[in-house]
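User: Please take a close look at one part of this model, the helix that lines its internal spaces, and describe its surroundings in one connected account.

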Amino acid sequence: MKKTILGLFAFSMMSATALAADIKPAIIYDLGGKFDKSFNEAAFNGAEKFKTESGIEYREFEIANDAQREQALRRFASDGNSPIVMAGFNWAASLEKIAAEYPDTKFAIIDMVVEKPNVKSIVFKEQEGSYLVGVLAGLASKSKTVSFVGGMDIPLIHKFACGYVGGAKSIGADVKVLEAYTGTTPDAWNDPVKGGEIAKSQIDQGADVVYHAAGGTGVGVLQAAADAGKLGIGVDSNQNMLQPGKVLTSMLKRVDVAVYDSFMAAKNDKFEFGISNLGLKEDGVGYALDDNNKALITPEMHDAVEKVKADIIAGKVQVHDYMSTESCPY
C-alpha cells in the first residue's frame with residue numbers, strides 16, 4: 001500500500017512537472033524593438049523574470065514593419081506557442097483574425113481590447129499614473145510651465161496627456177501645460193531626434209519639466225531636457241537612470257507585470273480571458289522613486305503625491321479618462 005501511495009505521488013509530481021513544462025510561451029514586441037528603454041523593454045523584462053523563476057524558455061520576435069504582424073502571429077500559433085503575448089494596441093487587427101483561426105491557443109494583448117473567447121485583453125489606467133507625475137511636475141516647476149511630448153497622435157496617448165494636465169493644474173490654475181506629438185504613423189515611436197527637437201521647442205517656450213509618452217522617441221526628449229538643465233519625466237519603464245539627477249520621475253506602467261502574470265497564469269493553468277484594467281489600486285501604474293531622483297523629490301512633494309495617490313485609490317479624486325469622451329476637461 002505504501003509503495004502504491006508513493007508511486008501515485010511520484011506520478012502526480014511528474015504530471016505536474018509535465019503540465020508546467022507543456023506551455024510554450026511567446027512574446028511579440030511592437031515597433032521600436034525590445035530594447036527601447038520604455039514599453040517594449042518593460043515587456044521583455046517581464047518575460048525574463050518569468051524565465052528566471054520558472055526555468056521555462058520563451059520565444060520572442062521583434063517586427064520590423066507592420067506587414068510582419070499577421071505573419072509572425074500566425075507562425076507562432078501554428079508552431080504551437082501558447083500563450084502568445086502581444087505588446088501594443090497595433091496588434092489588434094491581426095489578433096482578431098488569428099485568434100479565430102486558432103481557438104485553442106491562448107492569446108494576450110496589451111493596450112487594446114479584443115473580444116474573442118481565447119484572448120486576454122490587458123489595459124491600463126494611464127491617466128492615473130500620469131496625474132501623479134503631473135502633480136510632481138507642477139510642484140517642481142519654477143516657471144509654472146510644463147510640457148508633454150507624445151509619440152503617435154492617437155487617443156491612447158492623449159489619455160496620458162490629459163491625466164498629466166489634470167495633475168499639473170491641480171497644483172494651481174496658473175500652471176501652463178504645452179502639448180505636442182511626434183507624428184501620426186508608427187514611426188513616431190522611434191524618432192529620438194524629432195523628440196529632442198520638440199522638447200527643445202517647448203523648453204524655449206518656458207517649460208522646465210517635460211513628460212514624454214513616446215516610446216523610443218522619448219530617449220531624445222529626456223536628453224534634450226537634461227542638456228538644457230531642465231527636468232524630464234520618463235514613461236512605462238523606470239527611466240530615471242537614463243539621465244541621473246535630471247529625470248524628475250517616471251510614470252510606471254507595469255507592462256512587465258502583465259507579461260509575467262500572463263505567462264505564470266498559463267503555467268499554473270489559471271489563465272483567464274476577458275479584460276483586465278489596471279490602475280493605481282491594482283498596482284498597474286505608479287511613479288518611480290530611486291537613488292537617481294530621490295534628491296529631486298522633497299519630503300513635501302513626496303507627501304503631496306502620496307496623498308493624491310491615496311485619494312485616487314479611495315475614489316476621492318476622479319481622474320478623467322480621455323478615451324471615455326475623447327476630450328480633456330482640465
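Analyst:
**The cavity, the pocket and helix α6**

The largest cavity of this predicted model has a volume of about 230 Å³. Its lining is made up of 20 residues, and those nearest the centre of the cavity are F39, D111, W189, G215 and D236. Helix α2 (39-54), helix α6 and strand β9 (231-236) are the elements that each give two or more residues to this lining. The largest share comes from α6, which gives three residues. Sorted by class, the cavity lining holds 10 nonpolar, five polar and five charged residues. With a threshold of 30 Å³ or more, the count comes to one cavity.

The largest pocket comes next. The volume of the largest pocket is about 240 Å³, and 16 residues line it. Closest to the centre of the pocket are D111, V123, L156, K159 and M323. D111 is thus named among the residues nearest the centre of the largest cavity and among those closest to the centre of the largest pocket. At least two residues of the pocket lining come from each of β5 (119-124), α5 and α6. Here too α6 gives the most, with three residues. The pocket lining divides by class into nine nonpolar, two polar and five charged residues.

Helix α6 also packs against a neighbouring helix. Two packed helices are described by the angle between their axes and by the distance between those axes. For α5 (residues 126-140) and α6 (residues 155-169), the angle is about 40° and the axes lie 6 Å apart. An angle under 35 degrees would count as roughly parallel, and one of 65 to 115 as roughly perpendicular; α5 and α6 are therefore oblique to each other. The crossing of α5 past α6 is right-handed. On the α5 side, the contact is made by E126, Q127, S130, Y131, V133, G134, V135, A137 and G138. On the α6 side, the contact is made by L156, K159, F160, G163, Y164, G166, G167 and A168. By class, the residues of this contact are eight nonpolar, seven polar and two charged.

L156 and K159 link two parts of this account: both belong to the α6 side of the contact with α5, and both are among the residues closest to the centre of the largest pocket. To sum up, α6 packs against α5, gives the most residues to the lining of the largest pocket and also gives the most to the lining of the largest cavity.

Technical notes
Residues are numbered from 1 along each chain as its sequence is written. This is a predicted model: local features need pLDDT of at least 70, side-chain atom pairs count only at pLDDT 80 or more; totals for chains, interfaces and linings use all residues. Side-chain values use heavy atoms; hydrogens and water are left out. Axes are lines fitted to C-alpha atoms, for helices over the stretch in contact, and angles run from 0 to 180 degrees between N-to-C directions. Helices (H or I, at least four residues) and strands (E, at least two) are DSSP runs, numbered from the N terminus. Angles under 35 degrees count as roughly parallel, over 145 as roughly antiparallel, 65 to 115 as roughly perpendicular and the rest as oblique. A crossing is left-handed if the near helix is turned anticlockwise from the far one by less than a right angle, and right-handed if clockwise. Contact means heavy atoms within 4.5 Å. Ala, Val, Leu, Ile, Met, Phe, Trp, Tyr, Cys and Pro count as nonpolar, Asp, Glu, Lys and Arg as charged, and the others, Gly among them, as polar. On a 1 Å grid over the protein atoms alone, a cavity is a set of points where a 1.4 Å probe fits but cannot get out, and a pocket is an open set with protein on both sides within 12 Å along at least five of seven lines; lining residues have an atom within 4 Å of a point. Grid points are joined across faces, edges and corners, and a volume is the space filled by probe spheres set on the points.
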